[in-house]
Amino acid sequence: MSTDISDLKKISGFIGACLVDSETGLMLASENGTGKFDLEAAGAVNTEVVRAEKAALEALGLDDTVEDILITLGEQIHLIRPLGANPGVFVYVALNKKASNLGMARLVVKKVEGQLRI
């Protein structure tokens, strides 16, 4: 098992990140940036976001998978990416909107996802 998400700290504007089990909402790993950010609460709350997105796919009859979920706030970007190899686990990253580049962030998250073994 490899749950190292430390490379996510290299993303410009990094606030915090965690690896979460979407069945329980429990964190498997976390990385905090500068400042205080409650990653346990974020992981638990975003578990509900992932569940809602899966329910929406089912309700719409879409035979597809979620690649990532993007939430943009006034000052932050929140990126949620279920693992391709294990969609019951997701990577969550919070970024400062002004200091980050969404395209680059998505590339780094995808790279880190590919290195995880759950």
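Contact here means heavy atoms within 4.5 Å. The model on screen is predicted.

**Stop 1: S100**

Select S100, in the loop that runs between β5 (89–96) and α2 (102–115). With neighbours up to four places away in sequence set aside, S100 is in contact with S12, G13, I77 and L95. Show its side chain together with the backbone of N96: the side chain of S100 reaches the backbone oxygen of N96 at 2.9 Å. Is S100 buried or exposed? Its relative accessibility is 15%, and because buried means under 20%, S100 counts as buried.

**Stop 2: α2**

Move on to N101, which caps the N-terminal end of α2. A side-chain oxygen of N101 lies 3.0 Å from the backbone nitrogen of G103.

Now select the whole of α2, which has 14 residues. From first C-alpha to last, α2 reaches 20 Å, close to the 20 Å expected at 1.5 Å a residue.

Colour A105, V109, V112 and E113, which are buried in α2. Why do they fall on the same side of α2? They cover an arc of only 105° around the axis, so they share that side. As background, an α-helix has 3.6 residues a turn, so residues three or four places apart point the same way. Turn to the other side of α2 to find L107, K110 and K111, which are exposed. Go back to the buried residues of α2 and add what covers them, which includes β4 and β5.

**Stop 3: β4 and its partners**

Select β4 (76–82). This strand is mostly covered, with six of its seven residues buried.

Add β5 first. Seven bridges join β4 to β5, and the two strands run antiparallel. To check the register, pick Q76, which stands opposite N96 in β5. N96 is also the residue whose backbone oxygen the side chain of S100 reaches. A hairpin of six residues joins β4 to β5.

Then add β3 (residues 69–72), which pairs with β4 in the antiparallel sense over four bridges. Here I71 stands opposite H78 in β4. β3 and β4 also form a hairpin, with three residues between them.

**Stop 4: the nonpolar cores**

Show side chains for the largest nonpolar core, which has 18 residues. Those with the most contacts inside this core are I5, L8, I11, L19, V91, V93 and V109. Which elements each supply at least two residues of this core? They are β1, β4, β5 and α2. The largest share, four residues, comes from β5.

Within this core, centre on I5. Beyond residues up to four places away in sequence, I5 touches A17, C18, L19, A29, S30, E31, V112 and L116. Another core lies apart from the largest one; it has 14 residues, among them I15, C18, V20 and I69. In general, nonpolar side chains in soluble globular proteins tend to be buried together.

**Stop 5: K9**

Finish at K9, in the segment before β1 (14–21). What is its exposure class? At 43% relative accessibility, K9 counts as partly exposed. Setting aside neighbours within four places in sequence, K9 is in contact with F14, E31 and N32. E31 is also among the residues that I5 touches. For a distance check, draw a line from K9 to V49: the two are 40 residues apart in sequence and 23 Å apart in space, C-alpha to C-alpha.

Note on methods. Residues are numbered from 1 along each chain as its sequence is written. This is a predicted model: local features need pLDDT of at least 70, side-chain atom pairs count only at pLDDT 80 or more; totals for chains, interfaces and linings use all residues. Side-chain values use heavy atoms; hydrogens and water are left out. Buried means under 20% relative accessible area, exposed over 50%, partly exposed in between (1.4 Å probe, protein chains only). A polar contact is a pair of N or O atoms within 3.5 Å; within protein, one must be able to donate a hydrogen and the other to accept it, and residues adjacent in sequence count only if both atoms are side-chain atoms. A nonpolar core is a set of buried Ala, Val, Leu, Ile, Met, Phe, Trp, Tyr and Cys residues joined through side-chain atoms within 4.5 Å. The expected span of a helix is 1.5 Å times one less than its number of residues. The arc is that of the directions from the helix axis to the C-beta atoms. Two strands pair if DSSP finds at least two bridges between them.
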